[in-house]
Amino acid sequence: MGLNMVAAHAKWPEENDAIFGLAAKAKQAIDTYGKDNVIDSTLGALVDDDGNLICLDTVFNELKSLPNAQIAAYAQVAGQEDFLDAVQTACFKEYRPEAYIKAVATPGGTGAVRHAIWNYTNEGESILVCDWFWSPYVTISEEFGRKVTNFEFFNEKGEFNISSFKEKFEDLLKKQKRLVTVLNTPANNPTGYSLSDEEWDEVLNIAKENAKDPENKIILLVDVAYIDYAGVGSERRKFFSKFSNLPENIFVVIAYSMSKGYTMYGMRSGAAIGISSKEEIVNEFYYSCMHANRANWSNGTRGAMSVMTNIAKDPAKKKVYEEEVNKYKTMLRNRANAFVEGAKECGLDILPYRDGFFVSIPCDNAKEASAELIKENLFVVALKKGLRFAVCAVAEDKCRVAPAKIKKVLDNL
Ligand code: PLP
């Protein structure tokens with residue numbers, strides 16, 4: 001046994017991020033074989049057809065026009081007041097629930113996920129997440145001595161598996177009397193699935209049924225990191241209005257991110273937005289998150305907050321910003337359609353795609369498949385239950401041909 005200087009709770013395996021490692025390999029392949037001969041579908045960021053990161057002009061022109069002092073200054077611990085209004089409008093658009101609502105600025109959606117997990121669970125408890133998930137939910141839970149239980153996202157027919165959800169939800173609630181359930185929708189990472197409005201009704205009916213026991217505390221953490229690329233208009237935001245007039249012991253936290261919708265990934269901005277039918281409960285949320293902000297990162301990125309606020313305040317800027325986002329939303333949809341069509345043509349089995357940056361391919365030996373695909377200069381991320389193809393990072397013509405290449409490798413494993 002070597003010497004451990006870190007405390008036991010902070011000792012973790014010495015491993016680097018697998019996705020960033022794979023992306024570095026893809027870069028090497030591009031240098032060796034040329035970008036036309038490599039498909040790099042590793043990173044979860046929107047890139048143009050030449051592989052350059054897309055950075056919205058409206059956003060960065062606004063940022064660069066800010067006085068230096070406004071970029072340099074500290075923000076308020078809970079976030080600038082005008083930002084806290086703007087972020088709610090950006091999130092809900094015309095589907096603001098009828099409820100008491102309060103927001104707290106966080107460094108990205110990650111900060112909001114962190115606050116919801118830490119502030120709404122007790123030591124040793126489990127949170128509930130579906131079995132196709134963004135791995136930081138586990139990292140965050142582990143960091144805090146929480147566990148993660150999975151429900152099956154899809155049934156054999158490839159539909160949202162409401163009975164698996166119900167079973168796991170009720171099991172944990174019975175044991176813990178308190179439960180944080182994470183739903184990453186619309187435009188789920190890694191599957192591209194979005195719960196339909198009917199599926200949301202089913203989820204909420206189960207929550208409401210269980211809320212009849214006043215001892216149960218039900219927290220729905222809705223991670224909407226990719227919402228700005230979901231649907232055509234704002235129809236994928238309709239479910240927000242279902243959070244109106246919920247029982248007092250159902251609390252909703254929205255994790256909102258500026259990373260994708262404003263292409264401000266590294267500028268770390270977002271919000272935790274709490275929704276309750278009871279004012280006391282959102283006030284409690286607000287002060288709990290404010291304390292957690294102060295304890296962890298003190299305050300968020302002032303310049304990023306100002307960008308959102310200024311765009312929201314000026315109708316002309318807002319219009320140009322929305323047009324710019326819509327242009328890329330269409331690009332993304334065309335790429336995803338090309339992948340889905342390519343998959344249908346060659347008979348590659350994929351999970352139901354609705355919106356967003358990723359498509360997933362279920363398979364048993366994803367690591368091996370990913371390693372074989374590297375030999376074909378196709379870079380995809382291996383997950384526990386399959387492969388994740390990032391349509392956000394690959395040009396449409398390559399999205400069209402990738403499924404056949406994947407199918408061939410999977411058939412020969
Ligand atoms: N949730 C999901 C599912 C994500 O994929 C991401 C980013 O990759 C986030 C949340 C949060 O991102 P950020 O902290 O950059 O806002």
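Q: When is a residue called buried, partly exposed or exposed?
A: A residue is buried when its relative accessible area is under 20%, exposed when that value is over 50%, and partly exposed in between. In this predicted model, Asn-245 has 60% relative accessibility and therefore counts as exposed, whereas Lys-93, at 36%, counts as partly exposed.

Q: How many of the residues in the chain, as a percentage, are buried?
A: Of the 413 residues in the chain, 53% are buried. The surface can be described as well, since the chain exposes about 19100 Å², and carbon and sulfur atoms supply 49% of that area.

Q: What does the backbone angle phi show at Asn-245 and Lys-93?
A: The sign of phi is the point to read here. Asn-245 is not a glycine, and yet its phi is positive, at about 50°; Asn-245 sits in the loop between strand S6 (217-223) and strand S7 (250-257). Lys-93, also a residue other than glycine, has a positive phi near 45°, and Lys-93 is placed in the loop between helix H4 (81-92) and strand S2 (100-106).

Q: Which residues are joined by a cis peptide bond, and what is omega there?
A: The angle to read is now omega. The bond that joins Thr-185 and Pro-186 is cis, with omega about 0°, and the bond that joins Asn-189 and Pro-190 is cis as well, with omega about 20°. Pro-186 is found in the loop between strand S5 (178-183) and helix H8 (197-211), and Pro-190 lies in the loop between S5 and H8 too.

Q: How many helices and strands does the chain have, and why is the chain called as compact as a globular protein of its length?
A: The secondary structure comes to 13 helices and 11 strands. For compactness, one compares the radius of gyration with what the globule rule gives: the chain has 21 Å, close to the 22 Å of the rule for 413 residues, so the chain is as compact as a globular protein of that length. Along the principal axes, the C-alpha atoms fill a box of roughly 60 × 55 × 55 Å. Among contacts between residues at least 6 apart in sequence, 74% join residues at least 24 apart.

Q: Where are the domains of the chain, and how many residues of each are in contact with the other?
A: The chain is divided into domain 1, made of 8-56 and 318-411, and domain 2, which covers 73-314. The C-alpha centres of domain 1 and domain 2 lie 26 Å apart, and 32 residues of domain 1 are in contact with 30 residues of domain 2.

Note on methods: Residues numbered from 1 in each chain as written. Predicted model: local features only at pLDDT ≥ 70, side-chain atom pairs only at ≥ 80, totals over all residues. Heavy atoms only, no water. Helix = DSSP H or I, 4+ residues; strand = E, 2+ residues; numbered from the N terminus. Rg over C-alpha atoms; globule rule 2.2 N^0.38 Å. Buried < 20%, exposed > 50% of the residue type's maximum accessible area, 1.4 Å probe, protein only. Contact = heavy atoms within 4.5 Å. Areas by Shrake-Rupley, 256 points an atom, 1.4 Å probe, with all protein chains shown as cover. Domains from an automatic or database assignment.
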